[in-house]
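Visitor: I've got a model open and I'd like to talk through it with someone. Mind taking a few questions?

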Amino acid sequence: DAESAWLRRRASQLVRDDELARDLVQETFAAVARSRPAPGVEPRAWLVGVLRNKFRMWCREDVRRKAREHAAIVFDPAEVNPVERREAELDLVVSAS
């Protein structure tokens with residue numbers, strides 16, 4: 001319908017990707033189904049506010065996910081050349097002296 005198309009255009013302006021815009025609109029409508037604007041609030045303005053809040057939450061979640069992924073990278077000693085590892089250990093000992 002007209003509201004969906006209008007909201008999809010707004011979402012496309014935020015994410016610059018049609019697939020993501022569709023997902024964002026879908027999540028926005030899911031949130032809208034659970035609440036309604038306060039009396040006197042213009043519905044389209046409220047709808048765009050919900051859309052922007054969903055977008056902000058996506059961005060925060062993305063940052064948090066990337067931080068978790070980065071923190072989960074485990075050092076695998078098997079990937080390090082034993083000679084290079086020993087040289088690095090010796091460098092540490094020498095620099096600590």
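Visitor: How far apart should the ends of H1 be at 1.5 Å a residue?

Guide: Keep in mind that this is a predicted model. H1 has 14 residues, and the expected span is 1.5 Å times one less than that number. The C-alpha atoms at its two ends agree with the expectation, which comes to 20 Å.

Visitor: Which face-related value describes the buried residues of H1, seen down its axis?

Guide: The residues in question are Ser4, Trp6, Leu7, Ala11 and Val15. They line one face of the helix, because down the axis they fall within an arc of 165°.

Visitor: And what do those buried residues of H1 pack against?

Guide: H1 is one of four helices, and the protein has zero strands. Along the sequence the pattern reads α-α-α-α. The partners that the buried residues of H1 pack against are H2 and H3.

Visitor: What is the phi of the residue that follows H1?

Guide: That residue is Arg16, which sits in the loop between H1 and H2. Most residues other than glycine have a negative phi. Arg16 is not a glycine, yet its phi is positive, near 55°.

Visitor: Is Arg16 buried or exposed?

Guide: The cut-off for exposed is over 50% relative accessible area. Arg16 has 68% relative accessibility, so it counts as exposed.

Visitor: On to H2. Which residue caps its N-terminal end?

Guide: Look for a side-chain oxygen that lies 3.0 Å from the backbone nitrogen of Glu19. The residue that supplies this oxygen is Asp17.

Visitor: How far apart are the end C-alpha atoms of H2?

Guide: H2 has 17 residues, and at 1.5 Å a residue they should span 24 Å. The model agrees with that, with the end C-alpha atoms apart by 25 Å.

Visitor: What arc do the buried residues of H2 cover?

Guide: The buried set is Ala21, Leu24, Val25, Thr28, Ala31 and Val32. They are on the same side of H2, because the arc they cover around the axis is only 125°.

Visitor: Which residues are exposed on the other side of H2?

Guide: The buried residues of H2 pack against H1 and H3. Turn to the other side of H2 and you find the exposed ones: Gln26, Ala33 and Arg34.

Visitor: What is the relative accessible area of Thr28?

Guide: Thr28 is in helix H2. Leaving out residues up to four places away in sequence, it touches Leu7, Leu47, Val50, Leu51 and Lys54. Thr28 counts as buried, with a relative accessible area of 0%.

Visitor: At what angle do the axes of H2 and H3 cross?

Guide: Contacts between the two include Leu24, Thr28 and Phe29 in H2, which are among the residues that meet a set in H3 including Trp46, Leu51 and Trp58. H2 passes H3 in a right-handed crossing. The axes come within 9 Å and cross at roughly 120°.

Visitor: How far does H3 reach from its first C-alpha to its last?

Guide: H3 covers residues 43-71, which is 29 residues. Its reach is close to the value expected at 1.5 Å a residue, and that reach is 42 Å.

Visitor: What covers the buried residues of H3?

Guide: The residues to be covered are Trp46, Leu47, Val48, Val50, Leu51, Lys54 and Trp58, which are buried. What covers them includes two helices, H1 and H2.

Visitor: Which residue's side-chain oxygen reaches toward the start of H3?

Guide: The backbone nitrogen being reached belongs to Arg44, at 3.2 Å. The residue doing the reaching is in the loop between H2 and H3, and at 45% relative accessibility it counts as partly exposed. The residue is Glu42.

Visitor: How far apart in space are Arg52 and Arg10, C-alpha to C-alpha?

Guide: Arg52 is in helix H3, and it is partly exposed, with a relative accessible area of 44%. In sequence, Arg52 and Arg10 are 42 residues apart. In space, their C-alpha atoms are apart by 9.3 Å.

Visitor: Last one: among contacts between residues at least 6 apart in sequence, how many join residues at least 24 apart?

Guide: The protein has 97 residues, and 19% of them count as buried. For contacts between residues at least 6 apart in sequence, the part that joins residues at least 24 apart is 46%.

Key: Residues are numbered from 1 along each chain as its sequence is written. This is a predicted model: local features need pLDDT of at least 70, side-chain atom pairs count only at pLDDT 80 or more; totals for chains, interfaces and linings use all residues. Side-chain values use heavy atoms; hydrogens and water are left out. Buried means under 20% relative accessible area, exposed over 50%, partly exposed in between (1.4 Å probe, protein chains only). Contact means heavy atoms within 4.5 Å. A polar contact is a pair of N or O atoms within 3.5 Å; within protein, one must be able to donate a hydrogen and the other to accept it, and residues adjacent in sequence count only if both atoms are side-chain atoms. The arc is that of the directions from the helix axis to the C-beta atoms. Axes are lines fitted to C-alpha atoms, for helices over the stretch in contact, and angles run from 0 to 180 degrees between N-to-C directions. A crossing is left-handed if the near helix is turned anticlockwise from the far one by less than a right angle, and right-handed if clockwise.
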